[in-house]
Amino acid sequence: MVDYDVIIVGGGPAGSTAARRASQAGLSVVLFDKARFPRYKPCAGGIRADVSNLLDFDIKSISQRKISGVTMFAPSGFRVDCVPEDRSMPGSIIKREDFDHLLLKKAAKAGVEIREETRIAKAREEESHAAVTTMEGEEVTGMYLVGADGINSIVAKSLDFYDGWRGASAMVAIEVEAEVGSSTVREICGEPSGYDADLLLLYFGGLSHGYVWCFPKRTVLSLGACCRQDRGEELRTAYEKWYAAFKDEYDIEPQILSDTGARFPIKPARSIVKGRTLLVGDAAGLADAFTGEGIPEAIHSGILAASALSKAVEEANPRALRGYEKHCKREIISELKAMEFMANMFFKSRKNMEALCRFFRDDSYANFLIAAGIGGLVTKKALRTKMMLRMAKKRPREAISLLI
Ligand SMILES: Cc1cc2nc3c(=O)[nH]c(=O)nc-3n(C[C@H](O)[C@H](O)[C@H](O)COP(=O)(O)OP(=O)(O)OC[C@H]3O[C@@H](n4cnc5c(N)ncnc54)[C@H](O)[C@@H]3O)c2cc1C
């Protein structure tokens, strides 16, 4: 006899989605999180338009601003606005304390037993079940286990999925919340056309494999910088240099509400299913190496996990979990690989970043593609293929030099 069908460790978007969907399928589910919600999580809070296809409820009530596109600043400083002509599917900006709390409350409403402020110290598997032990020494058993506990996953480490994210497999980031007031947010990030939506600003060139961002929240700017972990030593200096110039440009002196560091993985884990255990979201390494997004992938993997868990319970067969790996590879990992290709080409050198920004500025189809790709209106694989074909057609010599 076990305590639950499914134990989930971690109540971020991946864990709460897996929990809610599994509970809706009739499974008994317990979810542990070390935090009490609403909890702060360093995140720029950009949510792509196509996330609404994954969620079966509205997030309008917690959206801070409507987002219509992305503005890129090339290393030499020129500006490229990438805004899809069709504005019928805007993205949004959320605060993670609101977003994650909403998802967790939805899971509780679906029947999941939520245990907040309970840190899991270790996990183990037997032939017939899985088990976790809390920091207080309580042991809880389940038929299946989901590691949704982020980049430092204790589930993954306890069960030897991997021993951490080293070197180029993760990005390091600084995230700063800067209070400037609503009209200044609009002045900096508002669409120049006057259309009632804002833009996500990305600045390239200051970091060798990364960028600085400025994202609009209601009265706050999320400012930050990220770069590949193996280039991490330049992160703080590059951010500070950018920040000094940014304050000067807009003549502002923001009140800094928080200044934190965090990491996210950019290489999917080699294995995401073992025995009775699945990894989802950041614990499985499912974040985008080009845009830094991981929320859509976290939710998507949570949905796929719930479906595999429900099959495994129904068939009383842990081998049914293998379907999760197959679907993840086809629906999520292949998309992430397309973006890894884009990231490696774009961030390869300052020259590449400059050339691609120029291409996005001067070629209206390339501009459309990047806007639609980042906005989630076309698949990442389509973005990569169509962009390369367009480049080869319009700028064949430059296309070759980008790759060698
Ligand atoms: C600075 C920064 C900016 C980002 N900006 C964006 C963005 O704009 N858009 C986007 O889509 N993505 C963004 N990301 C990526 C995104 O934050 C992650 O991909 C996403 O949070 C992954 O969700 P998750 O549910 O897998 O993990 P998490 O959201 O990390 O949730 C893991 C949960 O597990 C809990 N936990 C951990 N260990 C234990 C334990 N031992 N016991 C119990 N509970 C535990 C934690 O408290 C946490 O609640 C950003 C990341 C960073 C670092």
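How much space lies in the largest cavity? The volume is about 50 Å³, in a structure that is a predicted model. Two cavities of 30 Å³ or more are present.

The walls of the largest cavity come from several parts of the chain. Its lining consists of S16, T17, R20, R21, L54, L55, D56, F57, L103 and I299. Helix α1, spanning residues 13-24, contributes the most to this lining, namely four residues. Sorted by class, five of the lining residues are nonpolar, two are polar and three are charged.

Two of the lining residues, R20 and D56, also pair with each other. Their side chains form a salt bridge with an N to O distance of 3.0 Å. This contact links distant parts of the chain, since D56 sits in the loop between α2 and β4 while R20 belongs to helix α1, with the two positions 36 residues apart. The partners differ in exposure class: R20 has a relative accessible area of 11% and is therefore buried, the limit being under 20%. D56, at 47%, is partly exposed because this value lies between the 20% and 50% limits.

L55, another residue of the lining of the largest cavity, has a distant partner in sequence as well. The C-alpha atoms of L55 and I303 are 9.5 Å apart, although 248 residues separate the two in sequence. I303 is part of helix α7, residues 295-315. With a relative accessibility of 19%, I303 falls under the 20% limit and so counts as buried.

The second largest cavity has a volume of about 30 Å³. I266, P268, A287, D288, A289, L336, K337 and E340 line this cavity. Five of these residues are nonpolar and three are charged, with no polar residue in the lining.

Next come the pockets. The second largest pocket has a volume of about 420 Å³. Its lining comprises 20 residues, and I59, K60, P90, G91 and S92 are the ones nearest the centre. At least two lining residues come from each of α2 (51-54), β4 (65-73) and β6 (91-93). The class counts for this pocket are nine nonpolar, four polar and seven charged residues.

On the surface, F341, I400, L403 and I404 make up a nonpolar patch, and together they have about 410 Å² of accessible area. I400 is located in helix α12, which covers residues 396-403. Its relative accessible area is 54%, over the 50% limit, so I400 is classed as exposed.

The salt bridge between D56 and R20 is one of 27 in the structure. Another joins R236 to E240, with an N to O distance of 3.2 Å. Both residues lie in helix α6 (residues 235-250) and are four residues apart, about one turn of the helix. R236 is partly exposed at 34% relative accessible area, and E240 is partly exposed at 37%.

D81 and R79 also form a salt bridge, in which the closest N and O atoms are 3.1 Å apart. D81 is partly exposed, with 29% relative accessibility, and R79 is partly exposed with a relative accessible area of 33%. Elsewhere, salt bridges link R358, R361, D362, R395 and E398 in a network.

Note on methods. Residues numbered from 1 in each chain as written. Predicted model: local features only at pLDDT ≥ 70, side-chain atom pairs only at ≥ 80, totals over all residues. Heavy atoms only, no water. 1 Å grid on protein atoms, 1.4 Å probe; cavity = no way out; pocket = protein on both sides within 12 Å on 5 of 7 lines; lining within 4 Å. Points joined across faces, edges and corners; volume = space filled by probe spheres on them. Nonpolar A, V, L, I, M, F, W, Y, C, P; charged D, E, K, R; others polar. Patch = residues over 30% accessible without salt bridge, like charges linked within 9 Å, V, L, I, M, F, W, Y side chains within 5 Å. Areas by Shrake-Rupley, 256 points an atom, 1.4 Å probe, with all protein chains shown as cover. Salt bridge = Lys/Arg side-chain N within 4 Å of Asp/Glu carboxyl O. Buried < 20%, exposed > 50% of the residue type's maximum accessible area, 1.4 Å probe, protein only.
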